[in-house]
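Trainee: Could you take me through one part of this model closely? I'd like to hear about the protein surface that faces the DNA.

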Protein chains: 2
Amino acid sequence: MATLGTDVQTPRLAAARIGSDVGLLLAKLHAAGSVLNNKALADFGLRERSFSVLTLACSGLEPTQRELADFLSLDPSQVVTLVDDLERRGLVERAQGKQDRRAKIIVSTAEGRKMHTKARAALDEAELKQLAGLSDEESQELKRLLRKALWGSAE
Amino acid sequence: MATLGTDVQTPRLAAARIGSDVGLLLAKLHAAGSVLNNKALADFGLRERSFSVLTLACSGLEPTQRELADFLSLDPSQVVTLVDDLERRGLVERAQGKQDRRAKIIVSTAEGRKMHTKARAALDEAELKQLAGLSDEESQELKRLLRKALWGSAE
DNA sequence: ACGAATCATTGAAAAAGTCAACGATTGTTT
DNA sequence: AAACAATCGTTGACTTTTTCAATGATTCGT
């Protein structure tokens with residue numbers, strides 16, 4: 001019943017020391033996950049990145065495009081493209097920055113929020129599939145460790 | 001003394017629910033790690049991927065290009081380019097497959113192994129830097145979970 | 001008020017990824 | 001054993017993604 005998008009069984013080469021390199025492990029799991037995620041989001045005309053932007057637009061945090069670029073590890077020009085697309089489809093809007101009128105705040109529309117709710121469900125399902133090999137506790141621990149490695153603290 | 005390549009402190013947007021999405025966490029940590037790794041390997045004229053190929057060529061596992069492509073999640077044509085480069089520099093050689101004469105086995109030269117030893121040291125250092133926020137036990141646990149998520153078993 | 005810096009945007013150039021086709025070889029079917 | 005389909009590495013074309021410099025508008029520091 002559970003067919004993973006990732007390797008079904010340990011490949012021969014995983015025995016090499018490189019099979020423990022964090023860089024490779026991250027690259028592989030990330031690559032495999034992206035396939036699953038993009039597949040799950042395709043029904044909504046979204047991809048991983050546009051979904052991320054939409055999510056943050058729905059978060060109430062009122063992110064600027066610069067913040068989005070920094071947070072998503074993207075070039076500002078890539079954010080422009082992503083927001084252009086979402087705005088064209090009526091899912092988000094560019095609002096003028098409050099303190100800084102150069103900045104543009106990305107906020108979701110009502111339709112954007114509806115779309116996000118549905119897409120979120122699909123993505124969560126894809127995530128479950130990706131981490132099917134881990135117990136619930138292990139999945140939680142993995143996320144905690146990733147967050148801690150990234151920004152130091154757990155919470 | 002410890003300046004991370006990753007975000008120094010938790011960004012504002014991490015508070016959003018997306019800050020717990022595995023896909024995003026993997027993407028960010030992978031992106032940040034790649035920068036560190038490629039920087040560390042640049043002294044040797046290597047990048048993450050060519051280092052991976054060199055490592056596997058040095059592993060004694062005698063991988064074929066097809067196996068490299070599968071294991072590294074690359075298109076076979078990308079492996080051709082990577083091996084071309086390493087072979088041109090005298091670090092690896094293409095040997096004829098033993099059972100299958102279509103396949104080519106990638107093996108390291110003596111010079112390749114010397115290069116690999118030095119590059120490995122640099123990479124391990126970069127990895128330490130990337131996971132500086134985690135204790136040794138946590139780093140081990142992270143690797144274990146990544147391996148398990150990828151190929152099911154821990155070992 | 002002046003100059004330096006930052007924001008979003010554009011467009012061009014470089015790099016990376018994708019994919020179909022090919023010769024050589026292997027495995028399979030008849 | 002002959003024919004056929006499949007696989008391996010390779011090439012080249014094509015698309016997508018990334019990277020980067022330049023720009024107008026606005027803000028910040030002094």
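**The surface near the DNA**

Mentor: Let's start with DNA strand D, which has 18 residues around it, the closest being Arg101(A), Thr64(B), Gln65(B), Arg66(B) and Ser77(B). Three elements each give two or more residues to that surface: α4 (76-88) of chain A, plus α3 (65-71) and α4 (76-88) of chain B. Of these, α4(B) gives the most, with 4 residues. Keep in mind that this is a predicted model. Sorted by class, the surface near strand D comes out as 8 charged, 6 polar and 4 nonpolar residues.

Now turn to DNA strand C. Here 17 residues surround the strand, and those that come nearest are Gln65(A), Arg66(A), Pro76(A), Ser77(A) and Arg101(B). At least two residues each come from α3 (65-71) and α4 of chain A, and also from α4 of chain B. The largest share belongs to α4(A), which supplies 4 residues. By class, you'll find 8 charged, 5 polar and 4 nonpolar residues near strand C.

What sits in contact with Val53(A), once its neighbours within four places in sequence are left aside? The partners are Leu68(A), Leu82(A), Val83(A), Leu86(A) and Ile106(A). Val53(A) is also one of the residues that touch the most other members of the largest nonpolar core, along with Leu54(A), Val53(B) and Leu54(B). That core holds 84 residues. As a general background point, nonpolar side chains tend to be buried together in soluble globular proteins.

Conventions. Residues are numbered from 1 along each chain as its sequence is written. Chains are lettered from A and ligands numbered from 1 in the order in which they are written. This is a predicted model: local features need pLDDT of at least 70, side-chain atom pairs count only at pLDDT 80 or more; totals for chains, interfaces and linings use all residues. A residue is near a molecule or strand if its C-beta atom, placed from the backbone, lies within 6 Å of it. Ala, Val, Leu, Ile, Met, Phe, Trp, Tyr, Cys and Pro count as nonpolar, Asp, Glu, Lys and Arg as charged, and the others, Gly among them, as polar. A nonpolar core is a set of buried Ala, Val, Leu, Ile, Met, Phe, Trp, Tyr and Cys residues joined through C-beta atoms within 7 Å. A residue is buried if 20 or more other C-beta atoms lie within 10 Å of its own, exposed if 12 or fewer, and partly exposed in between; C-beta atoms are placed from the backbone. Two residues are in contact if their C-beta atoms, placed from the backbone, lie within 7 Å.
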